[in-house]
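Reader: I'm new to this one. Can you put it up and take me through some of it?
Author: Here it comes.

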Amino acid sequence: MSDRGLISRLEAEQYSREVCGYSEIDYERNKANWLGSQPEQKLDPETTLRQLDQFEAKAHNRGITHTTFRRITEALGLSGKQRQDLRALLLSSRPEQYEAPLWRIT
């Protein structure tokens, strides 16, 4: 611990692992690596929008009002490299749902 009573991010991660058995930062890091390693598939607009409708319906039923493009990318099983293509598709097809920087669940 530093002499001012503050701990570094690395120390916080280590304490989290010791106390909780994991670090949320590790979880996010692993998820980002997994998304980046997913094989790219062609983004089919019709299929993607249908999957988005299903994702939104489930989220709406849980009381979710907004989400991130990253979460939509994950939920649709897309590669992190496809996030920009997905974002472009959604903004062009349903611009009224974009409430920067989030996507409004309808």
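Author: A term to begin with: helices (H or I, at least four residues) and strands (E, at least two) are DSSP runs, numbered from the N terminus. Residues are numbered from 1 along each chain as its sequence is written, and side-chain values use heavy atoms, with hydrogens and water left out. This is a predicted model, where local features need pLDDT of at least 70 and side-chain atom pairs count only at pLDDT 80 or more, while totals for chains, interfaces and linings use all residues.

Reader: What phi does G21 take just after α1?
Author: A positive one, of about 90°. Helix α1 itself covers residues 9-20, twelve residues. From first C-alpha to last it reaches 16 Å, close to the 16 Å expected at 1.5 Å a residue (the expected span is 1.5 Å times one less than the number of residues).

Reader: Now the sheet. What order do the strands have?
Author: The order is β1-β3-β2, in an open sheet of three strands with antiparallel pairing. Two strands pair if DSSP finds at least two bridges between them.

Reader: Which strands stand at the edges?
Author: β1 (66-67) and β2 (98-99); each has a single partner strand, so one side of each is left without a neighbour in the sheet.

Reader: And how many bridges join β1 to β3?
Author: Two, and the strands run antiparallel, with β3 at residues 102-104. W103 in β3 is the bridge partner of T67.

Reader: Different topic: how many aromatic pairs are there?
Author: Two, where rings of Phe, Tyr and Trp (its six-membered ring) pair if their centres lie within 6.5 Å; planes under 30 degrees apart are stacked, over 60 edge-to-face, and the rest tilted. F69 and Y98 have ring centres 5.9 Å apart and planes at 50°, so that pair is tilted. F69 lies in helix α4 (residues 69-75) and Y98 in strand β2, so the pair ties together parts 29 residues apart in sequence. Ring pairs link F69, Y98 and W103 into a cluster.

Reader: F69: buried or exposed?
Author: F69 is buried, at 7% relative accessibility, while Y98 is partly exposed at 28%. Buried means under 20% relative accessible area, exposed over 50%, and partly exposed in between (1.4 Å probe, protein chains only).

Reader: Last one: where is T48 found, and what is T48 in contact with?
Author: T48 is in helix α3 (residues 45-61) and is buried at 4% relative accessibility. Leaving aside neighbours within four places in sequence, T48 is in contact (heavy atoms within 4.5 Å) with L43, L76, L86 and L89.
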